[in-house]
Amino acid sequence: MTTLLIFIVLGLVFIAIWQMTKIFELSQLKAEHAQIANDSDNKTNGYLLFAFMVFTYLITIFSFWKYGKFLLPEAASAHGEGYDYLMLVSFSIIFVVQFITQFLLHYFGYKYRGKKGNKALFYADNDRLEFIWTIIPVIVLAGLILWGLYSWTNIMDVNDEDDPLVVELYAQQFNWTARYGGVDNVLGDANVRMIDIDKANVMGLDESDVYAADDIIVKELHLPVGRKVNFKMRSQDVLHSAYMPHFRAQMNCVPGMITEFSFTPITTTADMRNNPDVKDKVARTNKIRAEKAANGADNVDPWEFDYILLCNKICGKSHYNMQMKIIVETQEEYDAWIKSQQTFSQTMASVQ
């Protein structure tokens with residue numbers, strides 16, 4: 001693929017130089033002939049329009065065939081299915097409209113190309129055509145916008161119904177930290193001004209707040225399947241974005257304020273690993289890694305699927321490495337894991 005891209009770039013450079021040479025030659029011609037295109041030129045341009053149209057369609061089809069396998073697997077959150085359906089409908093409309101309009105654009109560009117003796121006809125207006133090409137896009141776009149707003153309102157309905165698990169995602173250059181509310185499921189007060197690395201208070205929790213005592217701070221996010229999770233998000237330094245692609249969830253982490261997002265995970269990590277599409281992707285990836293390892297490359301250990309939290313805002317030189325592993329498990333597995341973690345008060349006591 002890299003070799004192909006190199007040849008394409010070299011070809012484009014050659015075409016650019018060739019065109020610059022033609023422009024230089026034309027500049028040497030007499031002014032009365034420099035801007036005149038004959039029937040042969042117009043016909044050639046018409047054919048080139050068709051060629052470009054065919055190229056556009058072929059590259060689109062090739063991209064879907066070649067790179068469609070890199071799309072995300074089915075959504076692992078309750079709202080994900082509706083989100084994906086809205087995306088599918090939007091893209092379908094875009095591609096249908098693109099196919100029709102590009103065909104008409106290139107076809108009429110060829111059909112009405114300049115010919116010697118032809119006289120152009122101009123129509124000041126056509127009320128029926130203007131009504132059609134205005135009202136149809138208005139209806140379609142209004143429908144998509146209303147559908148999108150309805151979906152967004154449902155997704156952003158962050159509330160305390162159904163006893164949600166409360167988790168804080170804390171962003172800083174260049175890592176994530178998660179905080180659980182403990183037994184009472186209530187997060188204690190925190191402020192960046194209270195951060196004390198020497199005392200292991202890495203998130204600036206208020207030591208005098210009783211709700212902070214049983215908070216649990218971890219570097220790996222565990223979520224129980226089938227239970228709603230309310231995320232509270234903070235940033236210590238710059239603008240970050242908490243992006244969990246498999247759950248179709250994203251929210252900015254803004255310094256000085258708390259943002260929120262909620263979703264319900266519906267597929268455990270173990271079940272997702274058994275998904276045929278995921279297993280196929282893992283197998284293909286590990287085949288490539290094995291080939292690289294055979295050629296002496298480093299850091300090509302076999303890969304295993306995991307949910308992941310990423311930063312989706314360019315936040316500095318190590319932005320690419322700002323990620324956290326997410327494990328979705330049964331309620332029993334989650335309960336066992338949470339009991340094995342130290343609380344904030346226990347951590348503070350151990351460093352004093």
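The following dialogue explains how to read the sheets, salt bridges and largest pocket of one predicted model.

Trainee: Which conventions apply to this model?

Mentor: The model is predicted; local features need pLDDT of at least 70, side-chain atom pairs count only at pLDDT 80 or more, and totals for chains, interfaces and linings use all residues. Residues are numbered from 1 along each chain as its sequence is written, and side-chain values use heavy atoms, with hydrogens and water left out.

Trainee: How many strands form the open sheet that contains S1, and what is their order?

Mentor: In general, the strands of a sheet pair through backbone hydrogen bonds, either parallel or antiparallel. Helices (H or I, at least four residues) and strands (E, at least two) are DSSP runs numbered from the N terminus, and two strands pair if DSSP finds at least two bridges between them. Here, five strands form an open sheet in the order S3-S2-S1-S5-S8, with mixed pairing. Strand S3 (216-218) and S8 stand at the edges with a single partner strand each, so one side of each has no neighbour in the sheet. Neighbouring strands of this sheet are turned by 25 degrees against each other on average, direction ignored; axes are lines fitted to C-alpha atoms, for helices over the stretch in contact, and angles run from 0 to 180 degrees between N-to-C directions.

Trainee: In which sense do S5 and S8 pair, and over how many bridges?

Mentor: The pairing of S5 and S8 is antiparallel, over five bridges. Methionine 233 has threonine 259 in S8 as its bridge partner. Helix H8 (residues 331-339) packs on this sheet and touches S1, S2 and S3, its direction making about 100 degrees with that of S2. Contact here means heavy atoms within 4.5 Å.

Trainee: What is the order of the open sheet that contains S9?

Mentor: The order is S4-S10-S9-S6-S7, an open sheet of five strands with mixed pairing. Its edge strands, strand S4 (221-224) and S7, each pair on one side only. The twist from one strand to the next averages 20 degrees. H8 packs on this sheet too, touching S4 and S10, and its direction makes about 140 degrees with that of S4.

Trainee: Which side chains of strand S9 are buried, and which are not?

Mentor: Buried means under 20% relative accessible area, exposed over 50%, and partly exposed in between (1.4 Å probe, protein chains only). Side chains alternate along strand S9 (residues 307-311): Tyr307, Leu309 and Cys311 point to one face and are buried, whereas Ile308 and Leu310 point to the other and are not. As for its partners, S9 pairs with strand S10 (residues 323-329) in the antiparallel sense over four bridges, and tyrosine 307 has isoleucine 326 in S10 as its bridge partner. Strand S6 (residues 240-244) is joined to S9 by two bridges, and these strands run antiparallel. Alanine 242 stands opposite cysteine 311 in S9, and tyrosine 243 stands opposite leucine 310 in S9.

Trainee: How many salt bridges does the whole structure hold?

Mentor: A salt bridge is a side-chain nitrogen of Lys or Arg within 4 Å of a carboxyl oxygen of Asp or Glu. The search of the whole structure finds 10 salt bridges. One of them joins glutamate 168 and arginine 179, at 2.9 Å from N to O. This pair links distant parts of the chain, 11 residues apart, with glutamate 168 in strand S1 (residues 165-172) and arginine 179 in strand S2 (residues 175-180). Glutamate 168 is buried at 3% relative accessible area, and arginine 179 is buried at 2%. A network of salt bridges links Glu168, Arg179, Asp215 and Arg234.

Trainee: Where does the salt bridge partner of lysine 232 lie?

Mentor: Lysine 232 forms a salt bridge with glutamate 260, with the closest N and O atoms 2.2 Å apart. Lysine 232 lies in strand S5 (residues 229-235) and glutamate 260 in strand S8 (residues 259-263), so the pair ties together parts 28 residues apart in sequence. Lysine 232 is partly exposed at 22%, as is glutamate 260 at 31%.

Trainee: Which residues lie nearest the centre of the largest pocket?

Mentor: On a 1 Å grid over the protein atoms alone, a pocket is an open set of points where a 1.4 Å probe fits, with protein on both sides within 12 Å along at least five of seven lines; lining residues have an atom within 4 Å of a point. The largest pocket has 25 lining residues, and Tyr83, Asp84, Met87, Phe91 and Arg248 lie nearest its centre. H4 gives the most to this lining, with eight residues.
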